[in-house]
Structure formats: C-alpha cells, structure tokens
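Subject: Handover of a structure and notes on its contents

Dear colleague,

Please find below the structure that I am handing over to you. I should be grateful if you would read the notes with the structure open beside them.

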Amino acid sequence: MKIAGLGGTALYLGLFSSNSSASVINASEIEGDPQSVELNAWVIIDTSGKVTFVDHRAEMGQGSYHSVPQILAEELEVGLNDINVVFGQGNRKYGNQITGGSSTIRSNYKNFLKLTASAREMLIAAAAAKWAVPHQDCYAELGHVIHRPTGKRAHYGELVVAASKMEVPKDVKLKKRADYKLIGKPIRRIDTKLKTNGSVIFGLDKKLPGMMYAAVERNPRLRGKVKSFDATNALKVPGVTKVFKIKMLVFKTYREGVAVIANSTYAAFQGKKALKVEWDDSGFEHINTADIFKRQEENVKTKEGLSYKKQGDPDKAIATAARKLDVVYQTPYQSHYAMEPLNCTAHYQGDKIEVWGPIQAPDWVQDALSGEFGMPREKILVNMTFLGGGFGRKAFMDYPHEAAVISKELNGPVQVVWSREDDATQGPYRPGITYRCEGAINNGKIEALKFRMSGQNNGHWMGGKKDEANDSTSEGFLAPYFDNIKNISFADVPFEIPIPSMWWRSVYASTNGFAFESFLDELSVEAGKDPLALRREYLDERCHKLIDKLEEVSGWKKRKKNEGYGVAITECFSSTVGHIVKVSRRDGGGVKIDKVWAVMDCGWYVNPDIIRAQVEGSIVMGLGAAAFHEVTFKDGMTEQKNFYSYPMPRINDIPPIEVYVMDNAEDAGGVGEPGLPPLAPALTNAIFDLTGKRIRTLPFSLEAV
C-alpha cells in the first residue's frame with residue numbers, strides 16, 4: 001500500500017471519535033500511481049477492487065471482527081466474504097479504541113453507515129463521470145458500479161482514484177431497514193473458519209527473530225516488594241539464561257517480581273519453579289475475606305455514604321410506611337479467568353517500543369508506555385492479535401508494561417507468558433460488594449426505595465476522586481422506575497483495601513442487578529403482587545413489550561405449583577435484558593435449573609446469531625458467578641489458584657437456553673455484556689418461588705438449597 005495513514009494525500013472519511021459525527025478531509029490529488037487508496041481510517045480499496053477493513057477494536061469472541069464488516073458490506077455494496085479484515089495499531093485517528101462497555105457497534109454504527117454510504121456514492125459519481133451518464137442511472141452492487149440502461153460495469157478498483165477526488169456528499173441517503181440485505185441477518189461469522197483451521201493469530205502465536213521467553217514470579221500479596229532472591233537453582237535449568245528483578249505498572253502503583261529468561265516458555269516456567277524469593281510484605285494490610293464483608297456490612301448499616309442519585313424523600317417515606325423492608329445482599333469477588341492466560345511480546349529498540357498481544361485497549365497501552373518510558377506516543381507501536389477471552393482484564397496495562405520492561409533489560413525481543421496461577425492470583429478482580437436495600441409499601445404500591453452499596457470503586461485505581469460517589473452505583477437499575485416511583489436514593493459508602501479491582505463483564509450491573517432485582521422480588525411478595533405484574537406497573541411501553549415477550553415464551557401465566565419461576569430485568573450499556581428461570585426439585589435434594597428464557601432489547605442490531613451467542617455465554621458466566629465460584633483471600637493472598645478451586649460450570653450444568661431479540665427502531669445498544677446481570681436474581685427468585693427460601697448471598701450451592 002503506497003497510501004496509508006494520515007500522512008497520505010488520499011480521501012479520508014470518518015475521522016471521528018466514538019461520540020462525534022464524521023468529519024471529512026478531501027485531498028486535492030493522489031500522488032504517484034497508488035496500488036490502494038485509503039477511503040477513510042477504516043476502509044482501503046486497492047486497484048483490483050479488494051476491500052480491506054482496518055478493525056480498530058479487539059476481537060475477543062464478542063464478534064466485532066464480523067459485525068462491523070457486515071455493516072460496511074451493506075452500505076458499500078460489497079460481498080461480506082470479499083472484505084479482508086486486519087487489526088489496526090493503536091492510533092488516535094481511530095478515536096477511542098477501548099473494547100469495553102459493549103461499545104463497538106452502539107458507539108460507531110451510525111458513522112460507519114454514513115461513511116460507507118458516502119464512499120459508495122463517490123464511487124458511483126466517479127463511474128458516472130467516466131461514462132458521461134447521469135448519476136441516477138448508475139447503482140452499486142457486489143463491488144461494482146453498473147450503468148442501468150446499458151449494463152456497463154466497472155469494479156471499485158478502477159474507480160477509487162477518481163472517486164477520491166469527488167466531492168463528499170453532504171447528506172447521503174441511507175438504506176431503510178426493510179431494504180437491508182445483510183444487516184439483521186444471521187450470517188455465519190467470517191472468523192469461524194480462521195479459528196477452526198488454525199490460521200488465526202493469537203498472542204502466543206507471535207514470533208520474532210532472536211526472541212527470548214520470560215516467566216515472572218510476582219509477589220502473591222500484590223503490594224509487597226522483593227527483599228531478596230536466589231537464582232542459583234533457576235540458572236541450572238537447561239535453557240535459562242538470566243534472572244533479574246523487575247517492577248511493573250499496576251494502575252497508579254507498581255508490583256515487584258523476578259523475571260526468569262529462557263530460550264523457551266517451558267524452560268522459563270521450570271526456572272521460575274526453582275527460583276527462591278523472599279518478600280517484604282510490610283506496610284500494608286493483609287486482608288481476609290470475612291473481614292471484607294464484615295466491614296462492608298457495618299458500613300451500609302451505620303453510614304449514609306456519598307449520595308449518587310436522589311429524588312423525593314425516601315427516608316421520610318420509609319419511616320412512616322405501613323409496610324417496609326430492610327435487607328442486605330452480598331456478592332463475592334470474581335476473577336476473569338479468560339481461557340487464554342495473559343501474554344505479551346515486546347521489543348524495546350531504544351528510540352521506539354513495539355508490542356504484540358491480546359490487548360483490549362491499544363491506545364491506553366500507548367499512553368501508559370509513553371509515560372513510563374518518557375517516549376513520544378507515536379514511538380509506541382501497539383499491535384492487536386485475537387484474544388481468547390478478555391472480559392475487561394485485557395484492558396489493563398500491567399502485562400504489556402511488564403513485557404516492555406523485560407525487553408529493555410534484555411535489549412531484545414521477549415515474550416512473557418503468565419501461567420493460570422499467575423492470572424488467577426494477581427488480580428485485578430471484580431470487587432465484592434455489600435448492599436443495604438430499604439423499601440416502603442403503601443396500599444400495594446412502592447412508596448420508596450433506598451439503596452446503599454459498599455465495595456471497591458474501580459475508578460479509584462485509575463486515579464478517580466475519592467470524595468465522589470461511584471458513578472456506577474445505580475448501574476443495572478431501569479431508568480423508567482425514576483419516572484414512576486416518587487422517592488428513590490442511591491448512595492455509595494466508600495470502601496478501600498489493597499487489592500486491585502477492575503471491570504468484569506457487565507461491570508457493576510453484574511452485582512447491582514442481583515441486589516436490585518432480588519429486592520424488587522421481595523417487595524412484590526410484600527405487596528402481594530405477581531413479580532412481573534409489579535414491574536409492569538413502574539416501567540414504560542418499551543419495557544412492557546419485553547415483558548409481554550417474556551410472558552409469552554416462558555408460559556409465565558401457566559406455571560404450576562411444583563415449578564419455581566423467577567424473573568429479573570436489568571439495563572446496562574443502553575440495552576435492556578429480561579430473564580425468566582424455571583427450577584424444580586432435584587432427586588436427592590437441592591434444585592435443578594430446567595430452563596432459561598432471555599429477551600434482549602438492544603434496539604438496532606447487526607446479527608441475531610451473534611446476539612444469541614453472547615447472551616448464552618453471558619448466562620453461563622452469570623451462572624458460574626452465582627453458584628459455582630468466587631475469589632477469597634486469606635492473609636492477603638488469593639486462595640483460588642486454578643480451575644480445581646475455581647470451578648466453571650460444565651456442559652451438563654447448563655440448562656436449555658432460549659434467546660429472543662426484540663425488533664424496534666431504537667438506537668443500538670450493547671450486546672456482549674447486558675445479558676449477564678439478570679441471571680443470578682432470576683435464578684434466586686425462582687428458588688424462592690419453589691422453596692420459600694430467600695438467597696441474599698452469592699455464591700450458593702444448588703445442591704444445598
């Protein structure tokens with residue numbers, strides 16, 4: 001490619017941030033005889049007509065590698081399988097590159113539609129000018145412009161240089177949803193073949209000439225330092241060449257460790273096992289799980305906390321109510337446990353640093369390394385590979401920084417690989433949280449809701465203000481409740497401990513949802529109302545349609561006495577999802593999950609098959625966090641080190657799942673995360689419906705209910 005990046009003189013459409021409209025730079029000429037022209041920061045067409053899409057976000061299973069090309073192919077009028085997809089490096093020209101918050105489609109889809117429709121119209125204009133025919137007599141189809149009266153054809157490659165000189169349409173007309181050929185259709189993912197034939201490149205597949213391999217022994221208490229180490233036995237391991245102390249960035253602090261360098265990952269791991277390290281763990285608290293939740297519970301029972309949202313006077317309403325509830329819920333710490341453990345390859349070259357790996361936020365890595373090494377941002381080259389799962393963990397900067405530090409010490413390329421134990425015990429984790437929920441019922445109506453939460457604020461690790469409430473305090477709570485319940489308050493009671501916390505799939509909605517939706521279920525019982533009917537009273541028409549669908553597909557109104565049905569409806573990342581879970585008694589004791597029905601309202605969407613897959617995966621992950629695993633701490637150290645002590649749900653644990661996607665004309669919402677939060681409360685509400693036992697602390701055992 002002779003023209004690429006912002007330094008070329010081609011036509012650029014689409015220099016936008018995730019929340020802005022497109023801006024346009026129209027170059028006056030094309031230099032030389034280009035083999036390709038970059039129509040915008042994302043789309044390149046070469047002279048053979050081949051279209052390349054530069055994916056500026058990570059692909060970690062959520063489907064952006066397929067979904068964005070499905071959008072582009074629609075308005076650009078090219079075949080989906082004719083689009084070549086490559087990952088973009090970290091670069092400000094793409095705007096925000098963090099893959100998180102289910103934001104790739106919902107933040108960018110309108111701009112992508114406009115950009116590709118504009119490119120299509122400019123290609124048509126180039127063909128019309130070439131043939132000296134009216135623009136309206138030409139149309140685009142499968143990478144060609146066709147003259148309708150004569151059938152004359154020209155492929156995009158023949159037109160792209162001339163098109164780049166055309167005036168950008170000011171008000172391009174987009175297709176109506178009814179006219180879509182690709183969008184909204186369950187088209188098979190284009191990355192499936194790559195993942196099944198082994199040609200896809202994950203982080204561990206990256207190889208560089210002269211590359212060494214590293215394993216790092218890190219302090220198990222996260223904040224401790226290296227007092228001393230003995231590398232004698234480690235250096236006796238065949239293949240081990242060097243051992244040295246390092247420290248790596250962990251948010252606004254540092255973690256210390258000892259790096260073992262070898263000519264293979266296996267040798268590095270063996271050398272690490274032979275290493276002897278003495279740690280200095282003074283100067284910070286060595287926390288235990290029981291202490292964490294005891295302190296959190298004291299917080300919500302004795303402190304009002306920092307107010308996040310408030311309307312009306314919930315305290316007065318609760319104090320004077322005829323019927324009231326005051327209960328506490330607790331959710332545990334969780335680890336990300338992506339199937340692909342952390343890894344990163346780095347090459348420090350004096351005047352620049354280049355890294356490769358499973359990275360969710362290449363632009364953040366650029367910023368972090370630029371600051372740590374005092375190097376201009378443009379000298380930090382961050383290359384994304386496919387990710388074997390991320391869930392928020394791989395948006396963290398510690399492992400790329402660690403690899404770059406080791407590469408600098410070696411003065412050569414290195415690949416750092418984390419073991420499962422490294423990944424499991426180092427964090428950061430989804431924070432465990434305690435909730436106090438108070439409510440008032442008068443004449444069968446909810447008069448007031450008062451929520452207080454106490455748990456670590458992820459934003460504080462990123463340098464957020466500690467005198468402000470967690471801005472996710474109400475995440476998961478449906479907005480229409482504020483319109484129909486007069487007295488509501490949310491407060492955050494600050495809680496700080498020396499254990500790093502971070503986003504976990506669906507972030508605070510995964511814990512908030514359990515408390516809020518469990519409490520609404522308890523209020524429905526107190527009010528003597530059906531749980532779905534109670535929710536319908538306070539929600540809007542859009543939510544009513546989702547409730548109608550839930551009732552229809554689950555047979556909610558026809559449920560039998562020996563069956564337990566539970567419902568939960570949550571909102572996050574601009575999508576609303578409802579789950580209904582059906583349970584029954586298990587022979588020999590406990591309960592079994594018979595079925596889960598899920599209805600997602602994400603507004604405008606691309607591929608229903610990808611949505612169903614994401615919701616199914618979210619349900620499995622939510623089930624694990626509700627009834628299978630948790631992270632606990634003893635003497636400041638993580639107790640769960642691998643799957644034997646952090647068990648995942650297996651295939652025989654997964655009930656039948658039916659997923660339904662609502663159709664409407666609303667703006668696009670997220671897909672990868674919103675399907676998780678309703679599972680836990682829907683499940684525990686179903687167990688209450690069956691057994692009369694209310695579960696307020698997670699995780700719990702299905703066999704012990």
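The notes below take the nonpolar cores, a pair of helices and two single residues in turn. Please bear in mind throughout that this is a predicted model.

I begin with the nonpolar cores. The largest of them has 79 residues, and the members that touch the most other members are Ile 446, Leu 449, Phe 477, Phe 519, Val 581 and Leu 683. Helix α13, which covers residues 509-527, contributes the most to this core, namely eight residues. Another core, of 55 residues, lies apart from it; Ile 44, Ile 83, Ala 128 and Leu 182 are among its members.

Leu 683 deserves a second look. When neighbours within four places in sequence are left aside, Leu 683 is in contact with Val 581, Val 583, Ile 593, Leu 623, Phe 700 and Leu 702. One of these partners, Val 581, is also listed with Leu 683 among the core members that touch the most others.

Leu 683 also takes part in the contact between two helices, α16 and α17. In general, two packed helices are described by the angle between their axes and the distance between the axes. Here the axes of α16 (residues 608-627) and α17 (residues 679-691) come within 8 Å and cross at roughly 60°. The two helices are therefore oblique to each other, and α16 passes α17 in a right-handed crossing. On the side of α16, the contact is made by Ile 619, Gly 622, Leu 623 and Ala 626, while α17 supplies Leu 679, Ala 680 and Leu 683.

I turn next to Ala 403, which is found in helix α9 (residues 398-410). Is Ala 403 buried or exposed? Its relative accessible area is 0%, so Ala 403 is buried, the cut-off being under 20%. Not counting residues up to four places away in sequence, Ala 403 touches Cys 344, Ala 346, Val 414 and Val 416. Lys 466 is 63 residues from Ala 403 in sequence, and their C-alpha atoms are 31 Å apart in space.

The last residue is Asn 487, which lies in strand β23 (residues 487-492). Asn 487 counts as buried because its relative accessibility is 9%. Which backbone oxygen does the side chain of Asn 487 reach? The side chain reaches that of Glu 447, at 2.9 Å. With neighbours within four places in sequence left aside, the residues in contact with Asn 487 include Gln 311, Asp 313, Glu 447 and Leu 449.

Yours sincerely

Conventions:
Residues are numbered from 1 along each chain as its sequence is written. This is a predicted model: local features need pLDDT of at least 70, side-chain atom pairs count only at pLDDT 80 or more; totals for chains, interfaces and linings use all residues. Side-chain values use heavy atoms; hydrogens and water are left out. A nonpolar core is a set of buried Ala, Val, Leu, Ile, Met, Phe, Trp, Tyr and Cys residues joined through side-chain atoms within 4.5 Å. Buried means under 20% relative accessible area, exposed over 50%, partly exposed in between (1.4 Å probe, protein chains only). Helices (H or I, at least four residues) and strands (E, at least two) are DSSP runs, numbered from the N terminus. Contact means heavy atoms within 4.5 Å. A polar contact is a pair of N or O atoms within 3.5 Å; within protein, one must be able to donate a hydrogen and the other to accept it, and residues adjacent in sequence count only if both atoms are side-chain atoms. Axes are lines fitted to C-alpha atoms, for helices over the stretch in contact, and angles run from 0 to 180 degrees between N-to-C directions. Angles under 35 degrees count as roughly parallel, over 145 as roughly antiparallel, 65 to 115 as roughly perpendicular and the rest as oblique. A crossing is left-handed if the near helix is turned anticlockwise from the far one by less than a right angle, and right-handed if clockwise.
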